[in-house]
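Got the viewer open? Let's take a walk through this one, selection by selection.

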Amino acid sequence: MATINKNLSVYDKASIPNAKKLRFGIVVSEWNAEITEGLYAGAIEALLDCGALTENIIRWNVPGSFELTFGCHKMLQTQKVDAVIAIGSVIQGETKHFDFVCSATAQGIKDLNVTHDTPVIFCVLTDNTLLQAQERSGGKHGNKGTEAAIAAIKMAMLGK
């Protein structure tokens, strides 16, 4: 869905299940930290706003978006969580590296979703420019971290 001239991070709290009894894992890429920290802040704010307890949120860092799949997989194996949010940012450069990282990361997260009973939410920005990433990590297009947190709550409740 295109986000031109839209901020999709506004949610109706009354329509979101209370997250007080849920545990969340968040795996954050350290690459493009300006962006991923903004996404993380949006996710945390939304989780707490919807009732999640700070002590029920686990954060792990990984070097880059490509490593998100492994980090999420280990989180699923070792932590009792109801949902995991994978946060990353890949910005187009001058080589095909962008295409390979984006594709592998998306496929990896998809694979986790079909091989585990715990949802993994894809919160990886794949933008052409730094400005586009900034606009989607707390800028004029809202915060995709917020949207990922709401998706995590809804998906966690789907299995309950």
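Here come the sheet, the helices on it, two pockets and one residue in a helix.

Some ground rules before you click: this is a predicted model, where local features need pLDDT of at least 70, side-chain atom pairs count only at pLDDT 80 or more, and totals for chains, interfaces and linings use all residues. Residues are numbered from 1 along each chain as its sequence is written, and side-chain values use heavy atoms, with hydrogens and water left out.

**Stop 1: the sheet.** Show the strands as cartoon. You'll find four of them in an open, parallel sheet, ordered β2-β1-β3-β4. At the edges sit β2 (57-62) and β4 (120-127), each paired on one side only. On average, neighbouring strands here are turned by 15° against each other, direction ignored. (Helices, H or I with at least four residues, and strands, E with at least two, are DSSP runs numbered from the N terminus; strands pair if DSSP finds at least two bridges between them.) Now select 24-29: that's β1, which pairs with β2 in the parallel sense over six bridges. Isoleucine 26 stands opposite arginine 59 in β2.

**Stop 2: the helices.** Add 33-49, helix α1, which packs on the sheet and touches β1, β2, β3 (83-91) and β4. Contact means heavy atoms within 4.5 Å. The direction of α1 makes about 155° with that of β3. Next pick 144-158: helix α5 lies across β1, β3 and β4, at about 160° to β4. (Axes are lines fitted to C-alpha atoms, for helices over the stretch in contact; angles run from 0 to 180 degrees between N-to-C directions.)

**Stop 3: the pockets.** Select Trp31, Ser89, Val90, His97 and Val101: of the 16 residues lining the largest pocket, these lie nearest its centre. A pocket is an open set of points on a 1 Å grid over the protein atoms alone, where a 1.4 Å probe fits, with protein on both sides within 12 Å along at least five of seven lines; lining residues have an atom within 4 Å of a point. Both β3 and α3 (97-115) supply at least two lining residues each.

For the second largest pocket, try Val81, Asp82, Asn113 and His116, which are among its lining residues. Helix α5 gives the most to that lining, with three residues.

**Stop 4: threonine 105.** Is threonine 105 buried or exposed? Zoom into α3, where threonine 105 lies. Threonine 105 is buried, at 1% relative accessible area (buried is under 20%, with a 1.4 Å probe and protein chains only). Beyond its neighbours within four places in sequence, threonine 105 contacts Ser65, Phe66, Leu68, Thr69, Phe122 and Val124.

Definitions and conventions:
Buried < 20%, exposed > 50% of the residue type's maximum accessible area, 1.4 Å probe, protein only.
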